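Here are a few exercises to work through with the model open beside you. Try each task before reading its solution.

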Amino acid sequence: MKLGPVELPALAVPRLGLAAFRRRAVVHLAFLLLALATVGLVLTVLIDQKQRAYQRYAQGFRQSLAEIVLQLRHPSGQLALLNPTMSAGGRDGQAPVLLPFSAIDFDDQNKAQRAVEMAGCGLRWPDGASLCAAVGANAYAGGFLYLVGSLESGPLTGRQHGALDLAGVHRARVTLTLRGETQTWIAPFEGAAAADGTQRGRLTGFIGAGPQLPGKARPVREFRGWLWREGPCAEGSSGPDCARRTFYSIRLPVEAFQAALFDAAGQRARPVWPPADLDQARVRVELLGPAEPARSAPGASTAAAAADPPASDAARGDGPVLFDSARPGASLAQSLDRIGASLQPGETLRIERQGRQPQTIAERRGPELSERALPWLIHVMRRLPVRGEVLGVGAGTDAAEVRWLTASDEVATPSGRYRLELRGDLRSLDRQLALEARPLAWLAAAMLAAVALAWLMVELGLIRGIAVLTKRAAAVSYNMQDARADQRIGELDVADLRGRDELGILAGSLADALSRVKDGLRREQLRAEREREMWHAVGHEIMSPLQSLMVLHGAPDDASHRYVQRMQQAVKVLYGSAPPSEALASADLHPQALDLVAFCREIAANAHYAGIDGVSFATALPEPLPVRAEAYALEDAVTHVLRNADRYRPEGTPIALTLEAGEPGVVLLRIHNQGPPIDAAMLETIFEYGVSDTAPQAAGERRGQGLFVARTYLAKMDGSIRAFNVPEGVVFEMSLRRAAA
């Protein structure tokens, strides 16, 4: 159905009140409430989601700091704190680290292994080899460097006591570069194999790189080392000569460290420990096998054997390299970089070393969000209210106004105290919530779009058409009250709103009704024109004989002369006008002073000429009694009332005319007849045009016109007429204004 605008340039359209659009307002309000309910539902879900997320984050935030503190209080965590620059080493060797222990009990395999594993010290290689190069946390334990590691190897060949050629035995070579100087130790294995294939022995240290010791070489006194080859066979090997886990522990004396300690003791000063340049030192550990191929250890680590030995080793005649700490592929078992691995986006962990001048040794940040949320959704999430209790900021505070969460704690180590401060950015949490709320936002947008589409369809497809139809229907009702309704109603057309739907059917029905109204108006117009023509013809035909009667009865003493004049006056009033009610209403009267007593006496005397007998007149008012009236019009009104009284009185009963004084300046003319009373419901309506209790006769008489004429004429003479019932019959009372004497 196509709806066009209302174009009624010549048709008056009334201003409709609010009630005419109440249904439309209810529909619009329903859609508005539906949209608001959708938005409210989404906001409620988002607020609840944000409330729970903030609560979980606050709990996890504190728990995260507690876990980090607990981790740093563990020896492995303290190792990371004490060595913030700890790295995986390189081709030039590994930098020693500071242990969270005073020293390592290197003589006991279990204690040394447990201390290294607990602290997480050392490097790890893919083939299972490991090495920890460290110094103790207590300066008074001596200036020693501890080397603890393990690898898989076959049976070890030991050195015979006093042998100077080390090429045919397993040995360890340690190289230390410190403060621009390089020092090398060679430590051959001294031990024998047990019956079960396990081995245990010492590593005796000598100054030099080997493989040949000088003739008077003596072992370094404070160099201590042990090597244990124990445990089950490694995977992929078997038999008494299988590869087994080999663990070694070396205590290496460092003259530079010991000299600094002795100097501090001599000066009675507190020694500086660890050395400031500890991270600048480099230590390299190599485990070499026998040089003779026939005596090569079967089952040795393939990864170690595949390592390329330096060219200098080949030139010196060294055997195969079973392990070299300078080879690539090593990784740290523990470092400070791993402490902040569990941080959430927006969180920052800062670690400070306490002292006279606090020093930040590490600062870790959480990862960045991989996706970007919608900016407007982030703004909405930030504006949503959250109770302050969930973040522990107080019940009277809105958590949405808090932007940061902070928590701190301290960790004590042998070398000092460290302060940890964890800071969380809630704006990152809002961005993360915005990412999680994106599907809900799209769902809400789809629901609002559906509501808007439904509203648009109802508005354009139904409400707009109803509004147009309402205005045009109101225009029909409004213009039907116009005096020119027969002309104006033709200008209204709703045929363009016809259609197959409900509104189109209603518009079609209205269009058909308007068509019938237009046809009825045209028929009424034709009937009025025919009636007007009829009255023209009647008036024309009556005026001619009346003119003749005026001539025949023109003598002043002729009693018929007065009735002929009244007839001529009535014809003049009705001539050329239709219908009679309009003609009577538009008639012009010219009231003058009239002696009402003489007028009534003459009416009663001449009533028999009008076919009304038994009319009597009586009055107690003085004569003359002037009133404002027109003689012919008043006589016509009184005669119509007399005819009405004559019609309803019992035969032979009189009709009495009386004059009485009414209100000041008013005279009452009463006409009383005996007979049945008038129905109380018709006492007012009997004076309307066309109201009668008898059907009109064929000649057109008794059409309810006489009393209407009486009331119309009296009103034009500033008078009135009314009827009321009395016990003996009915009284018609006419009131007339007195005229000035």
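## Exercise 1: A hairpin

Asp409 stands opposite Leu420 in β17. The model you are looking at is predicted.

**Task.** Find the strand that pairs with β17 and describe how the two are connected.

**Solution.** Start from the pairing: β16 (residues 404-413) and β17 (residues 416-425) run antiparallel and are joined by ten bridges. Next, look at the link, where two residues separate the strands, and together they make a hairpin. Finally, return to Leu420, which is also listed among the residues of the largest nonpolar core that touch the most other members.

## Exercise 2: Reading a sheet

**Task.** What is the strand order of the open sheet of five strands, and which strands are at its edges?

**Solution.** Step one is the order, which reads β19-β21-β22-β24-β23, with mixed pairing. Step two is the edges: β19 (615-619) and β23 (720-726) each pair on one side only. Step three is the twist, averaging 20° from one strand to the next.

Now zoom in on one pair. β19 and β21 (residues 655-661) are parallel and share five bridges. Within this pair, Ser616 has Ala656 of β21 as its bridge partner.

Then add the helices. Helix α14 (residues 596-606) packs on the sheet and touches β19, β21, β22 (666-674) and β24 (729-737). The direction of α14 makes about 160° with that of β19. Helix α15 (residues 631-648) lies across β21, β22, β23 and β24, at about 25° to β22.

## Exercise 3: Cores and a buried helix

**Task.** Which residues touch the most other members of the largest nonpolar core, and which helix gives the largest share of that core?

**Solution.** The core has 101 residues, and the ones touching the most other members are Cys121, Leu147, Tyr248, Phe323, Ile351 and Leu420. Helix α1 (residues 22-73) supplies the largest share, with eleven residues. Another core, of 44 residues, lies apart from this one and includes Leu596, Val627, Leu659 and Ile678. As background, nonpolar side chains in soluble globular proteins tend to be buried together.

**Task.** Why can helix α2 (residues 75-82) be called largely enclosed?

**Solution.** Apply the cut-off for burial, under 20% relative accessible area. Pro75, Ser76, Gly77, Gln78, Leu79, Ala80, Leu81 and Leu82 of α2 are buried. That is eight of eight residues, so the rest of the structure largely encloses the helix. For the chain as a whole, 42% of the 741 residues count as buried.

Conventions: Residues numbered from 1 in each chain as written. Predicted model: local features only at pLDDT ≥ 70, side-chain atom pairs only at ≥ 80, totals over all residues. Heavy atoms only, no water. Pairing = 2+ DSSP bridges. Helix = DSSP H or I, 4+ residues; strand = E, 2+ residues; numbered from the N terminus. Axes fitted to C-alpha atoms, helices over the stretch in contact; angles between N-to-C directions. Contact = heavy atoms within 4.5 Å. Core = buried A, V, L, I, M, F, W, Y, C linked by side-chain atoms within 4.5 Å. Buried < 20%, exposed > 50% of the residue type's maximum accessible area, 1.4 Å probe, protein only.
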